[in-house]
Amino acid sequence: MRWILTVIFTFLLGQSFAQEASETLIRLNRHYFEITPEDTINHVYNKLVSPLGNSARVERIFTLDQRLSRVVLTKHTRYQDLDRVTEQFDEYGHLQWRRVESLVIPKISIQYFFDDQVVGKVLSGNRYIFHITRNGENGAAPKPYNDFEPQFNGLRKEWYEFVAKNFRLSMKLYPEKPEDYWIAVLVSEHGLVEKIEWANPLEGNPKIAAEYVRVVKLWDNNFSPALDPYGHPVPKWLLIPFTVEAKVRYPIHVFDPEFIYH
């Protein structure tokens, strides 16, 4: 009997070591992007990546004092789509929001929580209409954007044209392969820009990122603040994604933040 228990214990111990060996620990900044091991100034989170098999994986993100901040599960659905489920927690471990999105088609569902109760919902099956429900409302209101997040004032077309008009970059700096840049803008509850910074410093050229930051600064305070589940304006970071590439007809691409996930 003792040797059977020894075999079982050894097997379980081996499984535990194998799982730990397959997990990867990654250092992140406050925007949940990876940073170098030497960057202690911007080190805010640690991400533990665990493969689950069949191309699925779970990412658990902790603060430096070991509090769980975010969990991201990427998995295949029964229809062979690739979905990502993200849950965000506050400093006390309470669920703040849950986002379910398809990585194949533009489709998202977001629930916002307070005291373990759903107090807001966002549903969208395309890039142009968001069905939004807030606490105390009977039905969903269709809007052209998700107002739980900060927004550009004016039409998106105006923003795209503004970037194309003002972006200045030497042809020597255009990369051969596409590079993604995320510019983070902290929009206050009054719609004012409080900070602008490059969010993903490991994934591009600092000179290109500086040009994107300059263009966003030129846009100035043309933003609307995020609204909480009760309709009150709150300060929040807006992450703006860009892609730049040399060997294409339009070397600068600007994307809708709602449907681009980092």
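E197 is partly exposed, with a relative accessible area of 21%, a little above the 20% under which a residue counts as buried. Its salt-bridge partner is R30, which is also partly exposed, at 37% relative accessible area. Please keep in mind as you look around that this is a predicted model. Here is a short tour of its salt bridges, its nonpolar cores and a sheet of 10 strands.

**Salt bridges**

- The structure holds 10 salt bridges, and a few of them are worth a visit.
- In the bridge between the side chains of E197 and R30, the N to O distance is 2.8 Å.
- This pair links distant parts of the chain, as E197 and R30 are 167 residues apart. E197 belongs to strand β13 (residues 193-198), whereas R30 is in the loop between β1 (24-28) and β2 (45-53).
- E59 and K47 also meet through their side chains, at 3.6 Å from N to O. Here E59 is in strand β3 (residues 56-63) and K47 in strand β2, 12 residues apart.
- Are E59 and K47 buried or exposed? Both E59 and K47 are buried.
- R99 and E101 form another salt bridge, with their closest N and O atoms 3.2 Å apart. These two residues, R99 and E101, are buried.
- K47, R57 and E59 are joined into one network by salt bridges that share partners.
- As general background, side chains of opposite charge can pair when their charged atoms come close.

**Nonpolar cores**

- The largest nonpolar core has 24 residues. W159, Y212, V216, I240 and F242 are those with the most contacts inside it.
- Which elements each supply at least two residues of this core? They are α2 (156-166), β12 (179-187), α3 (206-219) and β17 (236-244).
- Helix α3 gives the largest share of this core, with seven residues.
- Another core, of nine residues, lies apart from the largest one, and W97, Y112, V119 and F130 are among its members.

**The sheet**

- An open sheet is formed by 10 strands, with antiparallel pairing. Their order is β1-β2-β3-β4-β5-β6-β7-β8-β9-β10.
- At the edges are β1 and β10 (141-143), each of which pairs on one side only.
- From one strand to the next, the twist averages 20°.
- Strands β2 and β3 pair in the antiparallel sense over eight bridges. For Y45, the bridge partner is T63 in β3.
- The salt bridge of E59 and K47 also involves these strands, with E59 in β3 and K47 in β2.

How values were computed
Residues are numbered from 1 along each chain as its sequence is written. This is a predicted model: local features need pLDDT of at least 70, side-chain atom pairs count only at pLDDT 80 or more; totals for chains, interfaces and linings use all residues. Side-chain values use heavy atoms; hydrogens and water are left out. A salt bridge is a side-chain nitrogen of Lys or Arg within 4 Å of a carboxyl oxygen of Asp or Glu. Helices (H or I, at least four residues) and strands (E, at least two) are DSSP runs, numbered from the N terminus. Buried means under 20% relative accessible area, exposed over 50%, partly exposed in between (1.4 Å probe, protein chains only). A nonpolar core is a set of buried Ala, Val, Leu, Ile, Met, Phe, Trp, Tyr and Cys residues joined through side-chain atoms within 4.5 Å. Two strands pair if DSSP finds at least two bridges between them. Axes are lines fitted to C-alpha atoms, for helices over the stretch in contact, and angles run from 0 to 180 degrees between N-to-C directions.
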